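Subject: Structure handover

Hi,

Here is the structure for you to look through. My notes follow below it.

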Amino acid sequence: MSSKIKSLKYNGKWDFSPSIESIENLSIQKEYQLFINGQFQQPLAKKYFPSINPSNEQQLSRIAKAEAEDVDMAVKSARAAFNGQWGKISGKERAKYIYRIARLIQEKSKELAIVETLDGGKPIRESRDIDIPLAAAHFFYYAGWADKLEYAFPNRFPKPLGVVGQIIPWNFPLMMAAWKIAPALATGNTVVLKPAESTSITALLLAEIIKEAELPPGVVNIITGDGSTGNLIVNHPDVNKIAFTGSTQVGKSIMENISGTNKRSTMELGGKAANIIFEDAPLDQAVEGVINGIYFNQGHVCCAGSRLFIQESVYDVVLRKLKDRMQSLLVGNPLDKNTDIGAVNSKQQLATIQKYIDIGVKEGADIFQLNCELPKSGYWCPPTLFTNVSQSHSIAKEEIFGPVLAVQTFRTTQEVINKANNTPYGLSAGVWTDKGSKAFNLASKLKAGVIWANTYNKFDPTSPFGGYKESGHGREGGLHGLNPYLNLE
Amino acid sequence: MSKRIKVLKTYKIFIDGKFPRTESGRYTQLKKDNLTIANVCLSSRKDIRNAVLSARNAFESWSSKSAYNRSQILYRIAEMMEGNKNQFIEELILQGEDSNKAILEIDQSIDRIIYFAGWPDKINPIFGSVNPVASSHFNFTILEPMGVLGIVAPEENSLLGLISSIIPAILSGNTCVTIVSEKLPLCAISLAEVISNSDVPNGVVNIITGSKDELAPHLAQHMDVNALGINIDNKELKNQMFFQASNNLKRVVDVSKYKIEDSSFESPYIVKKFMEAKTTWHPIEKDFTSSNNY
């Protein structure tokens with residue numbers, strides 16, 4: 001019956017007047033250096049790589065490539081800072097430095113948001129309202145812990161680990177830097193951080209902030225480069241811990257590399273989250289949550305709700321609502337404040353997404369894509385969903401890291417629990433139901449580190465985040481986020 | 001050129017974000033070396049009642065702000081105090097403190113605000129709990145603010161003592177009416193000015209000067225005050241307040257046993273004393289067919 005209801009047809013009439021964020025007062029340097037021992041310095045080999053704006057394929061800047069000697073210098077300066085001033089000051093004084101960073105991020109939030117959008121392709125609405133405020137909030141939150149650690153771990157005399165190497169991804173560049181640096185500093189460690197190759201600029205603006213905040217030299221070192229630079233950090237003998245956010249594949253190789261050493265680790269890896277809609281759910285709200293779950297940040301989200309499970313009795317109506325809602329998504333210039341879906345982060349990632357879309361079609365699933373005009377240059381992928389998907393399809397098993405949703409159905413609670421847990425991943429899951437007791441039942445049965453009930457993709461500095469199984473280990477955020485940076489023996 | 005005539009500051013009280021004089025029109029003269037430093041309001045029962053009303057009205061908005069937001073507002077108070085340091089130092093010296101001690105006291109006061117500013121979003125992770133009840137229920141306990149607090153700040157350490165009385169009490173979302181040091185009231189009014197410039201909503205902090213013997217019992221008896229935080233040396237007055245507080249079972253937190261200057265004062269347990277624990281039960285659906293092996 002419900003399938004007889006006609007779909008909305010926008011025919012491309014869902015237009016807004018453009019509202020482009022101004023970049024007039026913005027100055028992006030032509031070249032960015034390595035931030036080591038409180039100074040910006042050229043890489044010894046003087047090698048640089050380009051940073052590209054993925055929405056128009058133009059070069060934004062050149063970024064220094066750190067090689068073995070640069071990495072060694074960064075680790076040495078972090079070690080010296082740990083053995084020196086940073087290791088001696090009180091938690092109270094450490095807190096003040098971290099509060100300064102939080103305040104400076106807030107002061108420069110507009111500039112940071114624009115650069116994040118130019119460098120990474122994400123809509124300005126998201127960088128302005130989510131990435132940057134959350135980065136500031138993270139520093140603010142962990143600043144408060146610096147002099148309160150004995151309450152978090154009673155009877156344990158928490159001690160910092162030493163030098164921590166941190167490697168972060170390109171999907172939330174500044175926010176991930178904050179998630180890594182803030183707890184490390186609050187607990188008294190020193191840091192060597194490497195941003196992702198395609199999104200280094202905001203991390204280097206953060207380096208400027210850290211300099212302005214007058215942190216002692218060497219406490220935070222930010223070095224840029226590709227995977228080979230990351231590898232050098234991982235294998236440096238004087239690093240006490242590796243905190244990595246990125247793909248499960250790279251995470252496994254890091255674990256191999258540090259096996260047999262005393263290095264500690266936190267791994268925040270991939271996901272293939274189930275987003276489950278029961279027949280008693282508030283359906284419009286659920287559809288909003290599904291859209292947000294998979295199309296937020298072009299689907300470049302490790303906890304993206306990429307597997308949708310709809311209870312059969314409401315399948316038709318949910319699918320219609322979902323397709324209607326997709327029609328109203330605006331894909332285009334990330335600097336436009338109306339934009340919902342920005343540019344895919346890189347050429348390489350676009351190829352990966354396209355590969356999976358082709359596989360999806362080839363394996364027999366039915367494709368539905370938003371029929372919209374895409375900009376001529378840049379990397380773009382329209383919001384996509386597949387129906388007629390089975391558990392064995394690649395698009396239902398593997399992480400795509402793009403705006404591609406695989407839709408499946410279920411009849412009973414037990415069936416959907418089995419299907420949802422049938423994955424090597426376990427980062428997050430979503431449940432939509434009006435019945436609280438059902439939500440809590442699912443929350444207790446789903447094997448994932450974060451469960452969202454009647455909401456999705458919510459993040460907060462006070463809330464621990466991290467995965468089960470091959471989605472990694474360790475938690476970031478909240479009191480749990482302190483533990484991986486402390487020795488409690 | 002003739003000597004410039006200094007403008008003298010008028011010290012008033014702080015109710016609902018405004019700086020009125022006491023409705024009673026009474027004042028007392030604060031003197032140093034036989035010279036008048038300030039005319040200080042001798043507030044009345046009516047002023048206390050007005051202040052409690054304003055604190056009650058402010059409770060809803062202050063306690064429903066996010067912990068993060070309250071945290072930032074408290075941090076803002078510290079920022080503003082850092083900028084107004086000299087004014088506080090001058091007042092402390094005017095009230096008889098030597099300059100080194102005055103500088104120490106203001107530094108310690110600012111740092112103490114920063115310390116407590118970190119707690120709003122960390123109290124529940126420390127003291128809240130998820131309770132593993134035997135039945136199929138999700139059961140958790142969180143701490144919530146109590147409501148309106150009546151605070152009597154200590155006579156000595158007029159600034160640090162005042163900060164230490166107010167900040168841990170309000171950080172969880174409580175609002176307060178504070179009777180300040182009777183003989184050293186100057187910093188209290190300057191603190192009110194800082195608070196009024198720090199995004200703290202009107203009525204969250206109310207500051208009353210005057211005779212403690214006269215005013216404190218009115219706070220203790222007031223039926224719309226939920227708890228008292230008192231730091232009083234006068235044993236008789238203290239006992240009287242404990243007695244009067246029983247009229248509506250106000251919680252009474254006697255802060256006088258803690259040493260204000262000591263860093264041991266800085267603890268979340270003082271915050272917890274001004275909070276109530278709330279436990280919520282919610283059923284978890286039981287699926288008897290379930291056999292989950294993953």
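Start with Asn53(A). Setting aside neighbours within four places in sequence, Asn53(A) is in contact with Gln58(A), Leu60(A) and Leu118(A). Asn53(A) belongs to strand β4 (residues 48-53) of chain A. Its relative accessibility is 5%, so Asn53(A) counts as buried. The cut-off for buried is under 20% relative accessible area. Please keep in mind that this is a predicted model.

**A helix in chain B**

Next, go to helix α7 (residues 186-196) of chain B. Of its 11 residues, 9 are buried, so the rest of the structure largely encloses this helix. The buried residues are Leu186(B), Cys187(B), Ala188(B), Ile189(B), Ser190(B), Leu191(B), Ala192(B), Val194(B) and Ile195(B). What do the buried residues of α7(B) pack against? Two strands come early in chain B: β1 (27-32) and β2 (35-41). Three helices are also packed against: α2 (67-83), α3 (85-94) and α6 (160-170). Strand β7 (205-208) of chain B completes the list.

**Aromatic rings**

Over all chains, the count comes to 26 aromatic pairs. Two of them are described here. In the pair Trp179(A) and Phe465(A), the ring centres are 5.5 Å apart and the planes stand at 70 degrees, so the pair is edge-to-face. The angle cut-off for that label is over 60 degrees. This pair links distant parts of the chain, with the two positions 286 residues apart. Trp179(A) is in helix α7 (residues 173-186) of chain A. Phe465(A) is in the loop between β18 (450-453) and β19 (472-473) of chain A. Are Trp179(A) and Phe465(A) buried or exposed? Both are buried.

The other pair is in chain B. The rings of Tyr115(B) and Trp119(B) have centres 6.3 Å apart and planes at 75 degrees, so this pair is edge-to-face. Tyr115(B) has 3% relative accessibility and so counts as buried. Trp119(B) is buried as well, because its relative accessible area is 0%.

Tyr115(B) and Trp119(B) also belong to one aromatic cluster that holds residues of chains A and B. From chain A come Tyr141(A), Tyr142(A), Trp145(A) and Tyr151(A). From chain B, the cluster also takes in Phe116(B), Phe127(B) and Tyr269(B).

**Charges over rings**

Tyr115(B) has a lysine from chain A over its face. Lys148(A) lies there, at 4.4 Å from the ring centre. Within chain A, the charged end of Lys355(A) sits over the ring of Tyr356(A), 4.8 Å from its centre.

**Cavities**

How many cavities of 30 Å³ or more does a search of the whole structure find? It finds 7. The largest has a volume of about 90 Å³. It is lined by 16 residues, and the closest to its centre are Ala274(A), Arg307(A), Ala420(A), Ser428(A) and Ala448(A). Two elements of chain A, α15 (413-421) and β17 (428-432), each give two or more residues to this lining. By type, the lining has 8 nonpolar, 5 polar and 3 charged residues.

The second largest cavity holds about 70 Å³ of space. Its lining includes Gly271(A), Lys272(A), Ile294(A), Gly299(A), Val301(A) and Cys302(A). Also among the lining residues are Ala304(A), Ser306(A), Glu399(A), Ile400(A), Phe401(A) and Gly402(A). Here the split is 6 nonpolar, 4 polar and 2 charged.

Best wishes

Terms used: Residues numbered from 1 in each chain as written. Chains lettered and ligands numbered in written order. Predicted model: local features only at pLDDT ≥ 70, side-chain atom pairs only at ≥ 80, totals over all residues. Heavy atoms only, no water. 1 Å grid on protein atoms, 1.4 Å probe; cavity = no way out; pocket = protein on both sides within 12 Å on 5 of 7 lines; lining within 4 Å. Points joined across faces, edges and corners; volume = space filled by probe spheres on them. Helix = DSSP H or I, 4+ residues; strand = E, 2+ residues; numbered from the N terminus. Nonpolar A, V, L, I, M, F, W, Y, C, P; charged D, E, K, R; others polar. Phe/Tyr/Trp six-rings, centres within 6.5 Å; stacked < 30°, edge-to-face > 60°. Buried < 20%, exposed > 50% of the residue type's maximum accessible area, 1.4 Å probe, protein only. Lys NZ or Arg CZ within 6 Å of the ring centre and 35° of its normal. Contact = heavy atoms within 4.5 Å.
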